[in-house]
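Student: Pick one residue and take me through its surroundings in detail, please. Then carry on to the open spaces in the model.

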Amino acid sequence: MKRLIFFPALALALGFAACEDSTSPIGSTVVDDNISIVVDSSFTITGHTVETGAVQSRTLTQLIGSINCPGFGRLSSSVVAQFMPANTIDTIGITVADIDSLILEMSMEKTAFTGDSIAPMGVEVYRLNRDLPSPIFSNFDPADYYDPADRLGSTIYSASAIGQSDTVAASDYRYIQVGMPLSLAHDIFNAYEDNSQNFSNPETFINNVFRGVYIANSYGSGRLSRIYRTMMRMYYHRTYRDETTQRDTTTYHIGNYLAVTPEVVTNNNIRLDLDQAITSRLDAGEDLIIAPAGTEVEFKFPAKDIISKFRAEKSTSSVINTLKLSIPADTLSNPEGVPAPPYVLMVLADKRDEFFAGNQLPDNETSFYTVYNTYTNTYDFSALRSYILRLMDKDEITDADVTFRLCPVQVEFETTGSSYWDYGTTESAVIPYVNGPAMVKISLEKAKISFTYSNQTINY
């Protein structure tokens, strides 16, 4: 324990002395005020690794592909997705005969993948024939939700721009484009013409027009891509008589009529088979956080010991200043450079499922999040004061009050403010990490707890 002690408040004493009147005594003594700052770092934590189980991704990021990464494992992901329809479709002067094609386009940042950029990968798209469940989890099996004979399209793709134009090579984005049947484009167009109310909301559209797609990796095990946007684009033309030239003129158009959005169901169907090197570490008792849908770390926080020691040593006037926790977290060597989860959520274990199911944000009393510190290789939680104050008000502290989970998460932000002067960002969602492979070794035995409080003593 380290103690930093400030000397008595000299100015206060001098103030009393300057006002002293010997002919009119105001008291027999002068008050002496001592304030000491106590920093206690003697506490330790213990814990163990637990399986994550299925997670709700609640993200628009879609994982497509398969990768076999030595030192991590085999990770594959397919996607099921519904679509939000556009409110209006261009039908003026257009018939189904004017529709040229319908393309499913998946967009990704050019570096948004794990694995080999030039490895050819195959993708197939199927029509869903049943409504997707809600909620939906990472272990979802789409086998009963599509007909293998009802394949809408397929393609071969890579994340490289080799052989592409200079414009494509210079772009920060890559695209996976799958041609859809022209009959599907006709069905969508006719459904709008028959009753535009079918496009008024996603539920009506899904029930009456198009239930969605199942996107599967058809072959290849060299890359896992992170798709940030999926939409269907209708290409069509319009022919009209130019009054000036008296000739027929044709113009070509693109309609972005369907898109995957937060209002509809989308899900990454994830399968993770850990490498033998990782399972050996787990069997040996190492604490590992592995994502997606891999492992988390559960531990007991020494809140009872902290409160007990504070109450034993506090003076008549004591104040808790800060409570911090720093946990060492080391990345594990592997050929693909699988990183540590960028964010970790520290949440009471019995509230974990409720937190994710309710799409909650950390309240800094029962749940906290922090970013991975790449300079110190730690996860640092610096705002635990409200948590310990809440426990001090309880008549009894149970195991549920001190048992936490460390969960790999991704944090989504939204812009706040309306001008340069009040511009900022705030958390809009904290969800299970499903952006790709991630893993880190947690060293609970080396974790540091820093508990700081002030003691004030008054001498008469």
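**Around Ile254**

Tutor: Setting aside anything within four places in sequence, Ile254 is in contact (heavy atoms within 4.5 Å) with Arg233, Met234, Tyr235 and Tyr236. Keep in mind that this is a predicted model, with local features needing pLDDT of at least 70 and side-chain atom pairs pLDDT 80 or more, while totals for chains, interfaces and linings use all residues. Numbering runs from 1 along each chain as its sequence is written, and side-chain values use heavy atoms, leaving out hydrogens and water.

Ile254 sits in strand β15, residues 247–259 (strands are DSSP E runs of at least two residues, helices H or I runs of at least four, numbered from the N terminus). Its relative accessible area is 47%, so Ile254 counts as partly exposed (buried is under 20%, exposed over 50%, with a 1.4 Å probe and protein chains only). Asp100 is 154 residues away along the chain, yet its C-alpha atom is 9.9 Å from that of Ile254.

Now for the pockets (open sets on a 1 Å grid over the protein atoms alone, where a 1.4 Å probe fits, with protein on both sides within 12 Å along at least five of seven lines; lining residues have an atom within 4 Å of a point). The largest pocket has 20 lining residues, and Arg58, Thr59, Pro262, Val264 and Thr266 lie nearest its centre. Two elements, β16 (266–274) and β24 (424–432), give two or more residues to that lining, and β24 gives the most, with 3.

The second largest pocket is lined by 15 residues, with Ser158, Gln164, Val168, Arg174 and Tyr175 nearest its centre. There, β10 (146–157), α2 (166–170) and β11 (173–180) each supply at least two lining residues; β11 gives the most, with 5.
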